[in-house]
Amino acid sequence: MINLQTSIKTLTFSCPFFNASGVWCTSEKELKEIGESESGAIITKSMTIKKRQGNEEPRLYFDNYLSVNSMGLPNRGYRYYCQIASNLKKFKKPLIASIAGFSFDDYLFLSDKVEEKDFDAIEVNLSCPNILGKKIFAYDLDLSLTILEKIRKKTKKVLGVKLPPYNSRSEIEYLAKRLVEVGVDYASLINSLPLSAVVDVEKEKLVITPNMGIGGLGGEGVKPVALAHVILFRYYSQNKLEIVGVGGVKSGEDVYQYLLAGAKAVAVGTALLREGPKIFFRLKKELEEILKKKKISYLKEKIGKLKKI
Ligand code: RRO
């Protein structure tokens, strides 16, 4: 028997993968389908205070390699997710509330509201790339840290943060150290790559409409960027910050790469859009096959065990 169990603080994942927030997690029906699958956890679409229709369509494109989206935070509002949380507990897997605000106060309000409910963790999404006129919060490092510090003081739940890609080691070093000091338990690395465009050659058009057709990139091209973030955040936090790897996971091999790099689990976005929740069954089989070949019984033993170059 191969044991795929991993954990982040009090969250135990029977399989080291789950849906990336935003994919297959907006309605109760979708969230239940994630619950019924081999996914190791359930995370909601980032919820805002008021329900949102999101940006105009077409706002999502995907193919065999990539996705680009400018969804604009369509979600049912926090009341809906708080109401259905108890119905999702029966799946006996970690239930994570992703929250997204437009101001400092929004984040505090939302974290208070989900605190009272059956969620096991709060993931603070500071990296939505698609709200025109709003900067990505997480590019203001000190503002982000202040938000997280305030939430940390109020919540007993596991606290995570979803971050965007950065382009300097010094920012990552500063953030990784300060996130540990603030008491953030884990970081989900990384949100989609902002400011991306995909052209349809047949139609001679961009594939999505909102925000001049420019949105967040997902898929296999993102994986090397995300892996570098996993490695650097682990290094600069002296392995104290737990990591969920996000970007381009579509096979058991990809999952294994992220775990070697130090992630405790991975979240699946673009490939989940393509295949639906049955993808988790395939990922499990592929991961077990890799471990069998390598004669490893406990996946946990391999976390962070990338060999020196
Ligand atoms: O809804 C979105 O446009 C969106 C969000 Br909140 C996010 O965090 N990442 C993304 O690629 N799209």
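Helix α4 passes helix α5 in a right-handed crossing. This is a predicted model, so please keep that in mind throughout. The two helices cover residues 141-154 for α4 and residues 169-182 for α5. Their axes come within 10 Å and cross at roughly 15°. Angles under 35 degrees count as roughly parallel, and α4 and α5 are therefore roughly parallel to each other.

Which residues of α4 and α5 make the contact? On the α4 side there are Leu141, Asp142, Leu145, Leu148, Glu149 and Arg152. On the α5 side there are Glu171, Tyr174, Leu175, Arg178, Leu179 and Val182. Sorted by class, that contact of α4 with α5 holds seven nonpolar residues, five charged ones and no polar ones.

Now the other partner of α5. Helix α5 also packs against helix α7, residues 223-236, with the axes 8 Å apart and an angle of about 55°. That angle makes α5 oblique to α7. The crossing of α5 past α7 is right-handed. From α5, the residues involved are Arg169, Ile172, Glu173, Leu175, Ala176, Lys177 and Leu179. From α7, they are His229, Leu232, Phe233 and Tyr236. This contact of α5 with α7 divides into seven nonpolar, one polar and three charged residues. If you compare the lists, Leu175 appears in the contact with α4 and again in the contact with α7. Leu179 is likewise listed for α4 and for α7.

Next, helix α8, which runs over residues 252-261. Is α8 largely enclosed or largely open? Eight of its 10 residues are buried, so α8 is largely enclosed by the rest of the structure. The buried ones are Gly252, Asp254, Val255, Tyr256, Tyr258, Leu259, Leu260 and Ala261. As for what covers them, the list includes the strands β1 (6-8), β3 (17-19), β15 (242-246) and β16 (265-268). It also includes the helices α7 and α10, the latter at 279-293. So α7, which packs with α5, is also part of the cover over α8. Right after α8 comes glycine 262, with a positive phi near 120°.

Between α7 and β15 there is a loop, and glutamine 238 lies in it. Its phi is near 50°, which is a positive value in a residue other than glycine. Glutamine 238 is exposed, with a relative accessible area of 58%.

Tryptophan 24 also has a positive phi without being glycine, and here the value is near 60°. Where does tryptophan 24 lie? It is in the loop between β3 and α1. At 26% relative accessibility, tryptophan 24 counts as partly exposed.

Tryptophan 24 is in contact with glutamate 30, and glutamate 30 is found in helix α1, residues 28-36. Leaving aside neighbours within four places in sequence, the contacts of glutamate 30 are Trp24 and Cys25. The side chain of glutamate 30 reaches the backbone nitrogen of threonine 26 at 2.9 Å. Glutamate 30 is partly exposed, with a relative accessible area of 25%. There is also a long step in sequence here: glutamate 30 and glycine 276 are 246 residues apart along the chain, but 9.8 Å apart in space, C-alpha to C-alpha.

Two cis peptide bonds come next. One joins glutamate 57 and proline 58, with omega about 0°. Proline 58 sits in the loop between β4 (42-43) and β5 (60-62). The other runs from leucine 189 to isoleucine 190, with omega near 10°. Isoleucine 190 is in the loop between β10 and β11.

That loop, between β10 (186-189) and β11 (193-196), also holds asparagine 191. Is asparagine 191 buried or exposed? At 11% relative accessibility, asparagine 191 counts as buried. Its side chain makes a polar contact of 3.4 Å with the side chain of asparagine 125. A polar contact of 3.5 Å links the side chain of asparagine 191 to that of serine 192. Beyond the neighbours within four places in sequence, asparagine 191 is in contact with Asn125, Ser127, Cys128 and Pro129, and with Lys162, Leu163, Pro164 and Pro165.

How values were computed: Residues are numbered from 1 along each chain as its sequence is written. This is a predicted model: local features need pLDDT of at least 70, side-chain atom pairs count only at pLDDT 80 or more; totals for chains, interfaces and linings use all residues. Side-chain values use heavy atoms; hydrogens and water are left out. Axes are lines fitted to C-alpha atoms, for helices over the stretch in contact, and angles run from 0 to 180 degrees between N-to-C directions. Helices (H or I, at least four residues) and strands (E, at least two) are DSSP runs, numbered from the N terminus. Angles under 35 degrees count as roughly parallel, over 145 as roughly antiparallel, 65 to 115 as roughly perpendicular and the rest as oblique. A crossing is left-handed if the near helix is turned anticlockwise from the far one by less than a right angle, and right-handed if clockwise. Contact means heavy atoms within 4.5 Å. Ala, Val, Leu, Ile, Met, Phe, Trp, Tyr, Cys and Pro count as nonpolar, Asp, Glu, Lys and Arg as charged, and the others, Gly among them, as polar. Buried means under 20% relative accessible area, exposed over 50%, partly exposed in between (1.4 Å probe, protein chains only). A polar contact is a pair of N or O atoms within 3.5 Å; within protein, one must be able to donate a hydrogen and the other to accept it, and residues adjacent in sequence count only if both atoms are side-chain atoms.
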